[in-house]
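Biologist: I would like a close look at a single part of this model, namely the salt bridges and the residues that form them. Please take your time and connect the details as you go.

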Amino acid sequence: MIKQVLTLSKVQLKSLFGINEVLHTKDKKKKQTFTLLSVAYVLVVLMAVGYVGGLAYGYHYLGLGDIVPMYLYTILSLLMLVLSFFKAGSVLFSMKSYDIMVSLPVNKSAILISRFVTMYVTNLLFALIVMIPGLAVHIWFAKPGIFFYLISLFAVLFAPLLPLTISSILGALIKGISSRMKKKALAETFLTVGLVIVILAGSFSMSGSLSAETPDLEAIKAMIGTLTAALGNIFPPALWYHNALQGNALHFVLLLGVPALIFAVFVWLLSKKFTEICTGLNATYAKHNYKLENLKAEHILLALFKKELKLYFSSSLYVTNSGIGYILSVLLAGAIAVLGVDSLAEFMEMPMFLPLIHKVLPFVLAMPLCMMSASACTISMEGKTFWQLQVLPVKAKDIYNAKLLWNLAVAAPFYLVSVLLMLIGAKPVLADALHYFLLPLVLLLFSIVLGLACNLWFPKLNWDNETQVVKQGAAVLVSMLGGVIAVIVPAVLAIALQPASYAVYYFVVEAILLIITGALYCSLTKKELISVSR
Amino acid sequence: MLEIKNLTKIYKGGKEAVSNLSLTVNAGDICAFIGHNGAGKTSTIKCVVGIHDFDKGEIFVDGMSVKEKPLECKQVMAYIPDNPDLYEYLTGIQYLNFIADIYGVSAAEREQRIKEEATAFELEAALGDLISSYSHGMKQKLAIISALIHKPKLLILDEPFVGLDPMATLHLKNRMHTLCEEGTAIFFSTHVLDVAEKLCNKVAIIRGGKLITASDTKDLTDGKSLESVFMEVIKE
């Protein structure tokens, strides 16, 4: 059984990050793409390292160093829960490759565990990125003994198990409920988005409850006990980790034993019904009673646009991954409309940025809108059907236009609602109000065009699982970085330069972004579809 | 209708898949393209239909160069791949409507053609279902119907009979004959030499990316079976 798990896991892991493909391809472009992707990943890791290191430093600076390990552990578990939750259903219960594997003389549990191994390895990498810099800063200040290292090592190794189990159960439930509905993908999307909003709201309230108990710097040290208890109430394993570091052997056993036991029971139960669940969740229903009548002819662009919409809404992973930014923008603008800018900044523990936030509010609104552009994987999502677009008598430009229009149509309602809510909450003067409309719109256009351009630069048409292109694709990562830079650079410049007229500054930024977007659009429309798959 | 002149296709990494290949398929011809696995059949076909770029040579469809007038060439031809990867998120009828919209087929014409072909291929009842629920053969039938929807002048098929049931195979063969009588040129790859021998007036044999022979079926076989001729030619 262990040998089978190892063999199957080895095959599964080979598809991870496309390393095997790069090792064996003769295509230089693929190798270059991989190098660029690695650079982008390194950048993201460095950003994460800086953020986590800074967070740990801040806590130590405030005299709250003792809670750093458990705080990091809690954040890590929450992040792993959200990340695994998006892909658990599609990775665990995918029928692709299952048919081949199930015909081999291997145990079903081995197939199941090998699928868990892929998710475990990605989560473990993530855990290392979060925990190592945070704990390094903690070690620098606290100078703990050898047991700290040992306990933390085991804590990190066992950390992915609980989030993995919970996200798998939730993922299976969502797939199970939606598979019984007529509009399967749409139901799955609604359930996923709903749950993500609940998790986000939970994490916001957690942040609120922690900050509410930190009245001033003098009293902070006295509050360590209360904060520890608060974190422990929210997530008991964090408390076990904290207490294990203090020498509590029972809590060390609980820290490793409880997640391992829950995971083992879950895998055992799941393996009993794995085939039934897989086939049940992936079943398709055919009515077989169609009668041909009243067909309508439509314009090419409309036909392509409708096809794009159907492709988008056929994948809940695609919708949730790209739509979460749009939803966040509405939530953020809604919070500002209800609480006002000042209260929100205080609630988010950022009162020091209050005077600055007022100056860059259009950028704040634009950030979630252009972080995850759906157009960044629209070419890759065509996958093995891409030949179809290549052989049709349609200009590449028309296909790109349909893809851009569809993305704009999906984002537009969120953009409009966000801007209106922001206007209600921020109450800007008329000259500024214009930029509340214009700047996010220009940035949204830029991010959509950039997304498509990135996907044309880094297409991945040969994939087994949507996760590979929606969440792990080079195009998605590069366009996300590009979108973030396009927002942050002018926002930081606005703060640094303190222009005499912010209205003029915004006009300049909008003009520059429009020129870049136009140039990008002109360049991408020259790309022929025949050269995409090469 | 299809004229391939000195076609050479080299893949990244240096592998020459097609080497200096020249071939002509006239209106009314049914030409079988046969060869071993990896001989270069699909590479040649993909160069013709616009999936692959090529390094040397020229390809003309209805007198137009596929490099200079790709859209005009695509407008008059239809292609059915060896593995029908279609849009699984569409229903059969949505897919056919999409293809008809792209080729600019009027509502009345598409309705009549879909009705005829879907009835013949016994697919009409399934047209309201998602393509993801179709079997391989049903997808193949849908791909064939979609290829016939705009009455192409040149029909290119890659292993068209794989996965089809006997009824559908018979219908496709008959349909190929009628299309040929109406002046359509048909160029298709196959491993089923029996079918090629009975169905085609022309046969082209490819080995290692090079065209070994291309001539009338009768002249090539000269009383022997195509299978024995193929084996002789390939061994030479």
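Is K403(A) buried or exposed? Please start from that residue and work outwards.

Modeller: This is a predicted model, and what follows should be read with that in mind. K403(A) is buried, because its relative accessible area is 0%, under the 20% that sets the limit for that class. This lysine forms a salt bridge with E382(A), and the closest N and O atoms of the two are 2.8 Å apart. The bridge joins distant parts of the chain, since K403(A) belongs to helix α20 (residues 396-426) of chain A while E382(A) sits in the loop between α18 (361-369) and α19 (386-391), with 21 residues separating the two. The glutamate is buried as well, because its relative accessible area is 3%, again under 20%. The pair also takes part in a network of salt bridges, in which K307(A) and E308(A) are linked with E382(A) and K403(A).

Taken over all chains, a search of the whole structure finds 16 salt bridges, and two in chain B can be set beside the one just described. In one of them the side chains of D62(B) and K153(B) meet, with a distance of 3.0 Å from N to O. This bridge, too, links distant parts of its chain, for D62(B) is in the loop between β4 (56-61) and β5 (64-65) of chain B, whereas K153(B) is in the loop between α5 (136-148) and β7 (154-158), 91 residues apart. Here the aspartate counts as partly exposed, because its relative accessibility is 30%, and the lysine K153(B) falls in that class with 39%. In the other bridge the side chains of E232(B) and K224(B) meet at 3.3 Å from N to O; E232(B) is partly exposed, with a relative accessible area of 38%, and K224(B) is partly exposed, with 42%.

The loop that holds K153(B) deserves a further word, as K151(B) lies in the loop between α5 and β7 of chain B. Phi of K151(B) is near 50°, a positive value in a residue other than glycine, and this lysine is exposed, with a relative accessible area of 52%. Most residues other than glycine have a negative phi. N6(B), in strand β1 (residues 2-10) of chain B, likewise has a positive phi, near 50°, and counts as partly exposed at 40% relative accessibility. As for confidence in this chain, the mean pLDDT of chain B is 93, and 100% of its residues reach 70 or more.

Turning to where the chains meet, the count of salt bridges between chain A and chain B is zero, although ten residue pairs, both members at pLDDT 80 or more, are in polar contact across the interface. On the side of chain A that touches chain B, α15 (300-313) and α19 each supply at least two residues, and α15(A) gives the largest share, six residues. The residues on that side divide into 16 nonpolar, nine polar and 14 charged. In the interface as a whole, 39 residues of chain A are in contact with 42 residues of chain B, and the area buried between them is about 3800 Å², of which carbon and sulfur atoms give 64%. For the complex, the predictor gives an ipTM of 0.92 and a pTM of 0.81.

How values were computed
Residues numbered from 1 in each chain as written. Chains lettered and ligands numbered in written order. Heavy atoms only, no water. Salt bridge = Lys/Arg side-chain N within 4 Å of Asp/Glu carboxyl O. Helix = DSSP H or I, 4+ residues; strand = E, 2+ residues; numbered from the N terminus. Buried < 20%, exposed > 50% of the residue type's maximum accessible area, 1.4 Å probe, protein only. Contact = heavy atoms within 4.5 Å. Buried area = accessible area lost by both parts, 1.4 Å probe. Polar contact = N/O pair within 3.5 Å; in protein donor to acceptor, adjacent residues only side chain to side chain. Nonpolar A, V, L, I, M, F, W, Y, C, P; charged D, E, K, R; others polar. pLDDT = per-residue confidence, 0-100.
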